[in-house]
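Hello,

Here is the structure I promised to pass on to you. Please open it beside this email, and then read on for what turned up.

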Amino acid sequence: MSDDTSAAVDALITDLAKGRPNEAAGDLPDLWPTMVELGLSTVGVDETAGGSGGSLADAVDLARSLGRHAISSPLIEHATARWALGESGAGTEGLVTLAFTDGDLSGPDSVRVLLHAVPWARHARYLLVAGAYSAAVVDLRHPGVTIEQSVNEAGEPRDSVGLDGVAASFPESWPGGVAVRNRLGALWAAALAGGVEGTYRLTRRYVNEREQFGAALIRIPGVAHHLATIKAELIQVEAALYRAQHAVHREVDTDRATASVATARVVAARAATTTARLGHQLHGAMGLTAEYPLHRHTTRLWAWRDEGTAEHEWSLRLGDLACAQGEEGVWQLLTG
């Protein structure tokens with residue numbers, strides 16, 4: 001996406017975000033129908049598959065813009081599921097969510113599995129269950145589906161879904177579990193990058209406007225140092241995200257792509273932790289008030305660190321890939 005197009009997308013998201021109400025925990029955001037109507041919900045999905053077209057880079061920019069404005073939505077799961085389903089036609093009506101399982105999805109025509117922390121399940125029409133070697137699409141209105149509602153730290157629906165012999169379709173042509181997880185991981189890294197950036201912007205404005213002893217807080221060396229730390233974290237996330245985005249675009253299911261995504265997710269998760277902590281420190285008591293927007297950013301940073309695949313699991317994947325490459329392979333990768 002060009003800089004001009006990216007700026008236009010962010011301007012659109014900024015406009016959508018104005019005056020939006022604070023949704024109650026578990027609610028579907030009021031702006032989601034508008035996003036669907038505008039075609040934002042399937043950016044990065046081929047038009048031949050019923051999507052809006054565009055590249056992974058376009059989807060990354062959109063996810064980052066939503067994170068920058070602390071907007072919760074089912075976009076990442078829905079767009080990734082629709083991309084994975086491609087031209088199969090399954091789950092193209094209504095909201096589609098996504099979950100992973102290590103269980104057997106061999107069929108022949110039904111699925112029996114218990115899934116935890118499924119995003120937006122209570123609001124979704126379909127669920128794509130991605131296994132290592134196969135996938136299944138189920139209609140969440142099936143009588144064999146049970147949904148136990150729960151929310152994450154940001155108040156977003158993360159429900160337990162029980163599938164007890166639920167009728168399912170099994171797409172014969174799909175990119176595979178590794179590819180789906182890598183694409184989802186890249187988009188969540190983008191959302192975290194946006195969240196870090198949004199928190200940085202809010203904090204920078206606060207310490208420049210707030211005065212103590214007749215001078216702006218930014219004049220205090222410790223404050224300036226903490227703000228610079230957040231900026232440095234953001235730059236690291238941007239670099240890791242850029243590498244992951246291009247690796248996934250070229251070869252979504254290779255070890256190199258997985259390593260790049262894992263690196264971006266770990267860097268982004270750790271940046272989120274540091275940014276949320278320093279953001280609250282620099283705001284002091286102001287950062288804890290419900291009326292001030294900081295908490296909308298930081299609760300999402302805390303919640304999104306482990307979305308899709310947990311930071312710890314990404315770290316383990318990265319370590320396994322490094323061990324498989326050996327000392328010489330890792331050195332060539334770092335210096336090549």
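To start with the enclosed spaces: how many cavities of 30 Å³ or more does the count come to? There are 4 of them. Please keep in mind throughout that this is a predicted model.

The largest cavity holds about 90 Å³ of space. Lining this cavity are 15 residues, and if you want to find its centre, look for Ile-71, Ser-73, Ile-76, Trp-188 and Trp-304, which are the closest to it. Three elements each give two or more residues to the lining: helix 3 (56-68), helix 4 (75-85) and helix 5 (177-209). Sorted by class, the lining of the largest cavity contains 9 nonpolar, 3 polar and 3 charged residues.

Now for the pockets. In the largest pocket there is about 470 Å³ of space. Its lining is made up of 17 residues, and Arg-243, Ala-259, Ser-260, Leu-318 and Leu-333 are the ones that lie nearest the centre. Here the elements that supply two or more residues are helix 6 (221-250), helix 7 (255-283) and helix 9 (311-335).

Which helix gives the most to the lining of the largest pocket? That is helix 9, with 10 residues. As for the character of this lining, 9 of its residues are nonpolar, 5 are polar and 3 are charged.

If you would like a place to begin, try helix 9 for the pocket and Trp-188 and Trp-304 for the largest cavity.

Happy exploring, and best wishes

Definitions and conventions
Residues are numbered from 1 along each chain as its sequence is written. This is a predicted model: local features need pLDDT of at least 70, side-chain atom pairs count only at pLDDT 80 or more; totals for chains, interfaces and linings use all residues. Side-chain values use heavy atoms; hydrogens and water are left out. On a 1 Å grid over the protein atoms alone, a cavity is a set of points where a 1.4 Å probe fits but cannot get out, and a pocket is an open set with protein on both sides within 12 Å along at least five of seven lines; lining residues have an atom within 4 Å of a point. Grid points are joined across faces, edges and corners, and a volume is the space filled by probe spheres set on the points. Helices (H or I, at least four residues) and strands (E, at least two) are DSSP runs, numbered from the N terminus. Ala, Val, Leu, Ile, Met, Phe, Trp, Tyr, Cys and Pro count as nonpolar, Asp, Glu, Lys and Arg as charged, and the others, Gly among them, as polar.
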